[in-house]
Amino acid sequence: MTTGPGAADDGSTPDDPAPDHPGPDRSAERSGPGNPNQGTADLDWRLTRTQVLRDSMGVAIATGAYAISFGAIALAGGLNVWQTMALSLLMFTGASQFGLIAVIAGGGAPLAGAATAIMLGARNALYGLRLAEILRVGGLRRLGAAQLVIDESTAMSIGRDTDRAARLGFYATGLGVFTLWNIGTLVGAVGASWLSDPRALGLDAAAPAAFLALLAPRLRGRELWALALVAAVVAVLAVPLVPVGVPVLLAGLVGVIAGLIPRKTAPPRHRQSNDTDQINKSDDQPTRDPS
């Protein structure tokens, strides 16, 4: 045993085992509440989920109410209740359904009506390309998700801050609209079937009016209005020359041709403006006299 000035005053020696100094007790952290950041994230998600579900339900209710008119219009156009319900269950895209009924109610051939519906529903394929990156589903789930790709579910999905919120918006809106749209269709169809002649209420004329009501909000800007006017003129001129229903297809062909025409893009001007600003700034700076 060594003693001297370097020895410890508490009597311990280098040969003695080191005193036990346990580290800080972490049991409170493990058994206490979770990470505050995790709690904040959970709260943010609950608020986001509530908002998404509320918005989805509002869209579904409004669309379901609108489906009542479709059910009545389809009966006035010559379809029966089962045919009308099959359209809403299998086609499930409002614009295409109204387009089909508008052609049939006007005396057009079913083939022309089907072609019109296909042209109007082609936009859903473009929606699907964008939604595939968000939903990431395959197999039978992919087929089920494809049935829910409509304007409303796409709008409620794209633009969300996270993929989780986007998926919730898509499925909540898609399932809600699908359910209430079919219920509304059934209510309208059954209600119209109780009438001896649904055409007596003028519902046969409501089909093209409803179709135009769906189209009008999409015409934003003078270019789209001009294109719609040209398409309408083509359709009117073709009425006495082609069978019923074909003028609608010709009008749609006008839009396809317009979409294929390359557009001239204006040269970027921001760089030029930046260069001009730099020149102006250099001109505004006072010059120093060398002397």
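What share of the 291 residues in the protein chain is buried? Buried residues make up 27% of the chain. Keep in mind as you explore that this is a predicted model.

**Stop 1: the whole chain**

Start with everything shown as a cartoon. You will find 13 helices and 0 strands, so there is no sheet to look for, given that strand count of 0. From the N terminus on, each element in the run is α. Now switch on a surface: the accessible area of the protein chain comes to about 19,500 Å², and 63% of that area belongs to carbon and sulfur atoms. If you display contacts between residues at least 6 apart in sequence, 74% of them join residues at least 24 apart.

**Stop 2: Phe 92**

Select Phe 92, in the loop between helix H3 (81-91) and helix H4 (94-105). What is the sign of phi at Phe 92? Phi is positive here, near 50 degrees, in a residue other than glycine. Most residues other than glycine have a negative phi. Phe 92 has a relative accessibility of 3% and counts as buried, because the cut-off for buried is under 20%.

**Stop 3: helix H6 and its partner H9**

Next, select helix H6 (123-135) and helix H9 (residues 163-193). Their axes come within 9 Å and cross at roughly 125 degrees. The two helices are therefore oblique to each other. To see where they meet, show side chains: from H6, pick Leu 131, Ile 134 and Leu 135. From H9, pick Asp 163, Ala 166, Arg 167, Phe 170 and Tyr 171. Keep Asp 163 in mind, as this residue of H9 returns at a later stop.

**Stop 4: Tyr 127**

Stay on H6 and select Tyr 127, which has its place in this helix. Is Tyr 127 buried or partly exposed? With 22% relative accessibility, Tyr 127 counts as partly exposed. Leaving aside neighbours within four places in sequence, Tyr 127 is in contact with Val 149, Ile 150, Asp 151 and Thr 154. Try the distance tool on Tyr 127 and Val 149: their C-alpha atoms are 7.0 Å apart, while the two residues are 22 apart in sequence.

**Stop 5: the salt bridges**

How many salt bridges does the structure hold? There are 3 salt bridges. Side chains of opposite charge can pair when their charged atoms come close.

- Select Asp 151 and Arg 123. Their side chains meet in a salt bridge at 3.0 Å, N to O. Asp 151 lies in helix H8 (residues 151-157) and Arg 123 in helix H6, so the pair ties together parts that are 28 residues apart in sequence. Asp 151, at 18% relative accessibility, counts as buried, and Arg 123, at 19%, counts as buried too. Asp 151 is also one of the contacts of Tyr 127.
- Select Arg 130 and Glu 133. This salt bridge spans 3.6 Å, N to O. The two residues sit 3 residues apart in helix H6, separated by about one helical turn. Arg 130 is partly exposed at 36% relative accessible area, whereas Glu 133 is exposed at 53%.
- Select Asp 163 and Arg 136. The closest N and O atoms of this salt bridge are 3.5 Å apart. The pair links distant parts of the chain: Asp 163 is in helix H9, Arg 136 is in the loop between H6 and H7, and 27 residues separate them. Asp 163 is partly exposed at 35%, and Arg 136 is exposed at 54%.

**Stop 6: a second look at Arg 136**

Keep Arg 136 selected, in the loop between helix H6 and helix H7 (140-147). Arg 136 is not a glycine, yet its phi is positive, at about 50 degrees.

**Stop 7: a nonpolar patch**

Finish on the surface. Which residues form the nonpolar patch? Select Met 119, Leu 253, Val 256, Ile 257, Leu 260 and Ile 261, which together have about 570 Å² of accessible area. Helix H12 (residues 246-260) gives the largest share of the patch, 4 residues. Met 119 comes from helix H5 (residues 110-121), and Met 119 is partly exposed, with a relative accessible area of 38%.

Terms used
Residues numbered from 1 in each chain as written. Predicted model: local features only at pLDDT ≥ 70, side-chain atom pairs only at ≥ 80, totals over all residues. Heavy atoms only, no water. Patch = residues over 30% accessible without salt bridge, like charges linked within 9 Å, V, L, I, M, F, W, Y side chains within 5 Å. Areas by Shrake-Rupley, 256 points an atom, 1.4 Å probe, with all protein chains shown as cover. Salt bridge = Lys/Arg side-chain N within 4 Å of Asp/Glu carboxyl O. Buried < 20%, exposed > 50% of the residue type's maximum accessible area, 1.4 Å probe, protein only. Axes fitted to C-alpha atoms, helices over the stretch in contact; angles between N-to-C directions. Parallel < 35°, antiparallel > 145°, perpendicular 65-115°, else oblique. Contact = heavy atoms within 4.5 Å.
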